[in-house]
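I opened this notebook to record two helix packings and one enclosed space. My entries follow the order in which I looked things up.

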Amino acid sequence: MAKLVIVESPTKARTIRGFLPAGYHVEASMGHVRDLPASAGEVPSQYKGENWSRLGVNVEKDFDPLYVVPAGKKKVVAKLKEELKKADTLILATDEDREGESIGWHLSEVLKPKVPVRRMVFHEITREAILNALDDTREIDQNLVRAQETRRILDRLVGYTVSPLLWKKIAPKLSAGRVQSVAVRLLVQRERERRAFRAGTYWDLRALLNKRPDQTAHRFEAQLIAVGGVRVATGRDFDEHTGRLAGGKNAKEVLLLDQTQAEALAERLLQGLWRVSALEEKESTRSPAPPFTTSTLQQEANRKLGMSAKETMRVAQTLYENGHITYMRTDSVHLSDQAISAARRRIVELYGQDYLTAHPRHYKTQSKSAQEAHEAIRPAGDRMLPVDQLPLAGQEARLYDLIWKRTVATQMANARLRFTTATIEVEDAVFRAGGRTVLFAGFFRAYVEGSDDPEAALESQDSPLPPLVIDEVVDCRDLQAMGHETKPPARYTEATLVKALEAEGIGRPSTYATIIDTIQERGYVFKQRRELVPTFTAFAVTKLMEDHFEDLVDLKFTATIEQELDEIAAGEANWLHYLRDFFLGEAGLENQVRNKEAAIDPRVVSAVDLEGLEAEVRIGQFGPYVAREQDGDRLTAGLPPDLPPADLTEEMVLQILGQKSDGPQRLGEDPATGQPVLLKVGPYGPYVQLGENGETRTKPKRASLLKGMTPGEVTLELALRLLSLPRTLGEHPDTGKAVQAGVGRFGPYIVHDGRFVSLKGQDDVLEIDLERALELLAASPERRGRGSSRGVLRELGEHPAGGPVQVLTGRYGPYVKHGEVNATLPKGSTPEGVTLDEAVALLAAKAASGAGAKPSARKKTAAAKTTKKTPAKKTTKATKKAAPKKSATNS
């Protein structure tokens with residue numbers, strides 16, 4: 001008989017299958033096969049009357065969880081059971097972290113094998129790693145299972161206990177989460193700082209100098225630093241809350257120049273003699289950053305590739321399952337001897353012996369809470385192949401290349417730099433110029449770490465000063481008075497939020513992508529360029545949590561929970577005692593919610609307190625709105641969902657209220673139809689409309705303003721151009737078919753013959769012409785099987801049940817297809833980014849709902865049902881948790 005190996009995904013199964021010897025059969029579980037009930041509909045009838053069934057956890061019976069097999073996983077489970085009947089051994093080869101351990105345990109509980117069960121773990125999918133893991137199997141680690149189960153129960157207790165309170169007190173459909181609420185609070189705190197910020201203005205001088213004789217290579221810039229022996233003020237001298245000089249600084253300590261003074265000073269200094277008064281040179285070395293962990297990979301992919309955390313993890317998962325990189329959920333920076341040797345060989349081959357460190361460089365993980373994964377994220381195997389030697393393209397190629405470069409750089413020599421500082425004096429003023437020269441590039445040849453400051457120069461860039469000597473006279477070619485305004489604290493990006501969460505010990509790096517995705521889906525955060533901006537709703541919810549459940553959003557308390565879970569995973573803490581302390585008793589969460597609910601006034605907690613704003617901002621049933629008393633009347637108007645709270649001013653409030661009270665603004669008439677063109681404001685922001693409502697039976701044509709547009713700049717001409725979208729640019733020379741430009745749910749685009757290309761950067765949907773559109777179409781990767789209406793965009797691979805899985809485009813957007821079942825891609829997913837595993841899960845969910853099949857397929861199904869003589873009884877697969885055997889630690 002064969003040995004049955006179960007992994008999570010078809011891709012992983014396909015890769016592993018090629019490395020196992022004869023007699024092994026590999027199947028995919030498609031992720032978790034059971035979980036706590038996702039809704040009341042999933043709770044089995046025999047438990048619906050229980051007062052704990054809504055939670056899915058029997059708190060009174062030692063937090064006993066109720067696990068159910070979702071409808072979409074029943075066929076998967078049935079197939080695995082059939083395959084198990086043919087096997088003499090069950091090998092659980094799920095991922096090596098806590099979640100993978102949990103999936104393996106759940107499989108064992110659901111399948112109830114009567115044959116030996118072994119656990120097989122590996123951190124890369126190569127022939128050597130798989131065969132080694134096969135020779136070193138073990139039993140399921142019950143401590144890891146307990147830790148993951150405790151996390152799941154904990155998250156359920158917080159979410160299902162606090163969220164209903166938010167529905168009652170603020171607005172429907174809100175949610176609280178053990179980690180998500182803390183992440184939202186970080187964003188809200190930063191937005192509060194931005195709102196409280198007051199800008200300060202200061203002036204200085206920038207000189208363009210050159211060494212004699214005048215040559216381009218001899219030109220350099222210098223900045224004014226002092227006048228009359230007093231340092232000139234810079235941005236760091238200001239109080240961010242007042243916009244004035246901080247700490248009682250006066251003219252004796254720091255010189256604050258205004259525009260008039262700066263311009264007068266510049267005019268005076270232009271007549272003076274500019275002389276080099278001091279020179280300082282300093283050499284420095286730079287060492288490469290450690291190899292990637294989950295957190296640092298997410299940060300760098302966001303900075304350098306513009307990829308979201310979710311996108312990064314999805315692409316990394318694909319690379320791992322196809323055997324290209326090691327396991328991508330890890331806190332470790334350790335590299336194996338095999339990886340170090342492979343990197344060193346590749347360095348000598350590509351860059352030469354001089355670029356290799358004298359001795360192998362080893363990194364030690366600093367995090368005390370580093371989890372089970374053994375190694376950093378690196379290219380798999382012992383060859384360290386560059387990206388151009390692998391069958392990769394698109395995002396997979398870009399992310400692999402980033403990982404390869406970071407890994408190789410760890411074994412390269414340090415970079416050596418020389419920093420030069422020149423002090424130049426003219427009359428009573430002192431200027432300073434700085435230069436940087438890379439003496440030896442070292443690891444810069446392969447990799448330079450990104451920066452969270454978009455204006456920061458990369459360390460690998462040369463910006464040298466010309467050779468200068470003390471007392472040398474230089475010429476001033478230009479001297480400009482420069483005005484500056486201090487900037488508010490920067491909003492978090494995905495990269496900086498991940499960095500902050502990890503630094504505070506909040507959550508696990510492997511969950512950050514899900515957290516960031518969740519807070520956006522729940523309406524607590526939206527993206528503005530790369531910034532994560534909290535909504536008005538986030539402000540209200542955070543204030544409620546701070547005032548009434550401070551522990552749940554306290555950074556240290558949340559980090560302590562993670563430490564407790566780590567101790568449970570190590571067998572050093574009792575999971576049951578921890579849950580009892582957290583949820584039950586006088587100070588437990590259950591009692592806190594019960595006691596505080598009556599005291600929480602909905603009118604108070606639904607108000608959003610914004611510093612410096614007289615108008616009232618509240619959260620209503622349909623979202624945030626602003627209210628103001630005027631002439632005895634109470635005026636209200638909805639706030640745009642993409643308006644940052646820190647940016648709301650009294651002037652904007654008056655404009656929003658005025659637009660509602662004054663009604664739509666008439667911009668003029670459409671010359672072609674004679675109908676009025678109106679500027680209106682709706683719940684999703686301003687838009688233009690052709691014609692009045694109700695003039696005809698058809699709905700008036702509308703168009704939202706493009707990103708960055710304001711109502712004040714909308715003219716009749718601009719409105720007509722917006723209403724003309726999508727517009728035809730011309731015919732494609734190869735096909736004779738139209739090329740159009742328009743705006744869709746994913747932003748501006750061009751389209752030709754069913755093929756869409758997004759517009760980004762400087763391309764304006766209102767200005768782009770046919771020539772530029774043809775360039776973008778030519779540069780965009782070709783997709784096979786395009787059609788004019790329902791073209792195949794991608795072939796994802798073989799479905800576990802047989803048959804191809806495809807991504808297509810239809811009249812309602814992109815969707816995935818297998819056989820007769822179609823499933824629309826969810827918001828945030830793109831045709832280019834969706835994976836086979838994600839598509840199979842979407843199709844399974846759609847098939848379970850009965851809504852995804854074509855009408856003809858549904859009719860056939862219905863007809864088949866009517867011919868059945870004896871309808872089968874409807875059964876729900878539900879299993880109460882079979883607890884691991886309790887040891888002294890778990891008693």
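Before sorting any residues I fixed the classes: Ala, Val, Leu, Ile, Met, Phe, Trp, Tyr, Cys and Pro count as nonpolar, Asp, Glu, Lys and Arg as charged, and the others, Gly among them, as polar. I note that this is a predicted model, in which local features need pLDDT of at least 70 and side-chain atom pairs count only at pLDDT 80 or more, while totals for chains, interfaces and linings use all residues. Residues are numbered from 1 along each chain as its sequence is written, and side-chain values use heavy atoms, with hydrogens and water left out.

**Entry on the cavity**

I looked for enclosed space and found two cavities of 30 Å³ or more, a cavity being a set of points, on a 1 Å grid over the protein atoms alone, where a 1.4 Å probe fits but cannot get out. The second largest cavity holds about 70 Å³, the volume being the space filled by probe spheres set on the points, which are joined across faces, edges and corners. Its lining (residues with an atom within 4 Å of a point) includes Ser175, Gln180, Tyr524 and Met545. By class I recorded seven nonpolar, four polar and no charged residues in the lining of the second largest cavity. Helix 6 (180–196) and helix 14 (536–548) each supply at least two of the lining residues, and helix 14 gives the most, with four; helices are DSSP runs (H or I, at least four residues) numbered from the N terminus.

**Entry on helix 5 and helix 16**

I then followed helix 5 (residues 142–169) to helix 16 (residues 575–583), where the axes come within 11 Å and cross at roughly 15°; axes are lines fitted to C-alpha atoms over the stretch in contact, and angles run from 0 to 180 degrees between N-to-C directions. The two helices are therefore roughly parallel, the term for angles under 35 degrees. The contact (heavy atoms within 4.5 Å) involves residues including Arg146, Ile153 and Leu157 of helix 5 and Trp575, Tyr578 and Phe582 of helix 16. I sorted this contact into nine nonpolar, two polar and one charged residues.

**Entry on helix 9 and helix 13**

Last, I took helix 9 (residues 309–321) and helix 13 (residues 509–521), which pack at about 140° with axes 8 Å apart. This pair is therefore oblique, a word kept for angles outside the ranges under 35, 65 to 115 and over 145 degrees. Ala309, Lys310 and Met313 of helix 9 meet Ala513, Ile516 and Asp517 of helix 13, and these divide into four nonpolar, no polar and two charged.

Conventions. 1 Å grid on protein atoms, 1.4 Å probe; cavity = no way out; pocket = protein on both sides within 12 Å on 5 of 7 lines; lining within 4 Å.
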